[in-house]
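User: I would like to go through this model and ask why certain labels are used.

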Amino acid sequence: RQEFQKVTGRITYLADVSPDVKLRYNAKKRFLVVDGRPPVFELFIGMDAIDFSPDLQRIDSMQVGDTVDVYYDVRRRIGPGTGFNTHNLLAYYIDHDGLPMFRMGSRYNKLAWFLIGFSAVMMVVLIIMKKTGRIR
């Protein structure tokens, strides 16, 4: 966790609607503001089979006023010109009273398994096509 920025403070906003644009609702996201100042942490909490699910997610058990530690990366933000330049998409860890409440999952793990599976299927299809004479 040493490689991340850390902010500690009280939750002043926690909802499924962005605090700056009320039309930006998404049931698979939570928007978190600590101490009433930027950045707005945009947390993906989708748990469907096709989602890049977090490894740990207990965001909905937290409340406004709780003190949290948020470990985040500043390299990826929704950039200028989009109207959301204060949103941060890379909150990796959130702790509340020393207990982990959120841990970002590995997006690359599911992607890697998909690519391996797809490659294996394609190899089998190509071998079958080669043996039946459809390709040379």
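User: Why is Phe-118 called partly exposed?

Analyst: This is a predicted model, and in it Phe-118 has a relative accessibility of 46%. Buried would require under 20% and exposed over 50%, so Phe-118 falls in between and counts as partly exposed. Phe-118 lies in helix H1, residues 107-131.

User: What makes Phe-114, Leu-115, Phe-118 and Met-122 a patch?

Analyst: Members of a patch need over 30% relative accessible area, and nonpolar side chains are joined within 5 Å. Phe-118, at 46%, passes that first cut-off. Together the four residues form a nonpolar patch on the surface, with about 400 Å² of accessible area.

User: How do you know that strands S7 and S8 pair?

Analyst: Pairing takes at least two bridges. S7 (residues 91-96) and S8 are joined by 4 bridges, so they pair, and they run antiparallel. One of the partnerships is His-96 with Leu-99 in S8. The two strands form a hairpin with 2 residues between them, and Asp-97 in the turn has a positive phi of about 55°.

User: What makes S4 and S8 a pair?

Analyst: S4 (residues 56-57) and S8 (residues 99-103) are joined by 2 bridges. The requirement is at least two, so they count as paired. Their direction is antiparallel, and Gln-57 stands opposite Phe-102 in S8.

User: Which elements have the lowest and highest mean pLDDT?

Analyst: S4 has the lowest, at 74, and S5 (residues 67-72) the highest, at 92. Over residues 79-84 the pLDDT is below 50, and this stretch has 7 contacts in the model beyond near neighbours in sequence.

Definitions and conventions:
Residues numbered from 1 in each chain as written. Predicted model: local features only at pLDDT ≥ 70, side-chain atom pairs only at ≥ 80, totals over all residues. Heavy atoms only, no water. pLDDT = per-residue confidence, 0-100. Contact = heavy atoms within 4.5 Å. Patch = residues over 30% accessible without salt bridge, like charges linked within 9 Å, V, L, I, M, F, W, Y side chains within 5 Å. Areas by Shrake-Rupley, 256 points an atom, 1.4 Å probe, with all protein chains shown as cover. Salt bridge = Lys/Arg side-chain N within 4 Å of Asp/Glu carboxyl O. Buried < 20%, exposed > 50% of the residue type's maximum accessible area, 1.4 Å probe, protein only.
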